[in-house]
Amino acid sequence: LILAQAALTLLVSCRLFYDGRRGMGYIRQILKPMIEEKPFDSIVSTNLKKLAKLSIVIGILVNIIILSEQIMTVFVYDLPSLLISEKIAHVGGMFQVDLTFVVYWAILLLLSYIFRYGEELQQLSDETL
């Protein structure tokens with residue numbers, strides 16, 4: 001079971017590195033129009049939306065690694081039976097999930113909508129000139 005958990009962690013970590021590389025590519029594509037002083041280019045809002053979706057995937061993968069380590073500690077290593085003594089009557093496992101990636105997703109999605117609206121305003125401004 002320990003080797004299976006290590007293999008799972010390694011597999012999920014490889015996917016995290018791949019998704020991190022994709023995320024860096026999205027960030028570069030977002031910054032490219034910013035450098036050219038075209039912040040409301042269509043590629044910015046599109047890549048912000050892709051980055052938001054990627055943040056959900058990365059958050060889920062990180063939580064899989066954290067939960068697998070917690071499950072291994074409690075059940076496979078049998079932590080409660082190791083700690084129970086005359087003075088300690090009961091030991092329980094408490095699993096924690098980090099949901100901050102949902103906040104990042106919401107912020108990135110909001111930025112995507114803001115830049116899409118700015119793109120529409122820029123297009124209307126260019127048409128009136």
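**Questions on a predicted four-helix model**

Colleague: By about how many helical turns are R22 and D19 separated?

Modeller: R22 and D19 lie three residues apart in helix α1, where helices (H or I, at least four residues) and strands (E, at least two) are DSSP runs numbered from the N terminus. Because of this spacing in helix α1, the separation of R22 and D19 is about one helical turn.

Colleague: On what basis are residues and atoms counted in this model?

Modeller: The model is predicted, so local features need pLDDT of at least 70 and side-chain atom pairs count only at pLDDT 80 or more, whereas totals for chains, interfaces and linings use all residues. Residues are numbered from 1 along each chain as its sequence is written, and side-chain values leave out hydrogens and water, using heavy atoms.

Colleague: Which residues are joined into one network by salt bridges that share partners?

Modeller: The whole structure holds two salt bridges, each being a side-chain nitrogen of Lys or Arg within 4 Å of a carboxyl oxygen of Asp or Glu. R15 pairs with D19 at 3.1 Å between the closest N and O atoms, and R22 pairs with D19 at 3.3 Å. Through these shared partners, the network is made of R15, D19 and R22.

Colleague: Is D19 buried or exposed, and at what relative accessible area?

Modeller: The classes are buried (under 20% relative accessible area), exposed (over 50%) and partly exposed in between, with a 1.4 Å probe and protein chains only. R15 is partly exposed at 40%, and R22 is partly exposed at 30%. D19, by contrast, counts as buried because its relative accessible area is 0%.

Colleague: Which residues does D19 touch, not counting those up to four places away in sequence?

Modeller: D19 belongs to helix α1. A contact requires heavy atoms within 4.5 Å. With residues up to four places away in sequence left out, D19 touches L54, V57, I58 and L61.

Colleague: Against which element do the buried residues of α1 pack?

Modeller: Ten positions need not be recited in full, but the buried residues of α1 include Q5, V12, L16, G23, Y26 and P33. D19 is also one of them. The element that these buried residues of α1 pack against is α2.

Colleague: What distance does α2 reach from its first C-alpha to its last?

Modeller: The expected span of a helix is 1.5 Å times one less than its number of residues. For α1, with 34 residues, the reach is 48 Å, close to the expected 50 Å. For α2, with 35 residues and an expected 51 Å, the reach is 51 Å.

Colleague: What value does phi take in E37, a residue other than glycine?

Modeller: E37 sits in the loop between α1 (2-35) and α2, just after α1. E37 is exposed, with a relative accessible area of 70%. Phi is positive at E37, with a value near 60°.

Colleague: What positive phi does D78 take?

Modeller: D78 comes just after α2. The phi of D78 is positive, at about 50°.

Colleague: Which element gives the largest share of the nonpolar patch?

Modeller: Patches are made of residues with over 30% relative accessible area and no salt bridge, like charges being joined within 9 Å and nonpolar side chains (Val, Leu, Ile, Met, Phe, Trp, Tyr) within 5 Å. L1, I2, I71, F75, V76, Y77 and F95 make a nonpolar surface patch of about 710 Å², with areas from the Shrake-Rupley method and a 1.4 Å probe, only the protein chains shown counting as cover for residues. I71, from this patch, is partly exposed at 40%. Three residues, the largest share, come from helix α2.

Colleague: What is the radius of gyration of the protein chain?

Modeller: The protein chain has four helices and zero strands, running α-α-α-α from the N terminus on. The globule rule (2.2 Å times the number of residues to the power 0.38, with the radius taken over C-alpha atoms) gives 14 Å for 129 residues, and the chain is well over that, so it is more spread out than a compact globule. Its C-alpha atoms fill a box of roughly 85 × 30 × 15 Å along the principal axes. The radius of gyration of the protein chain is 22 Å.

Colleague: What percentage of the 129 residues counts as buried?

Modeller: The protein chain exposes about 9,400 Å², of which carbon and sulfur atoms supply 68%. Of its 129 residues, the share that counts as buried is 26%.
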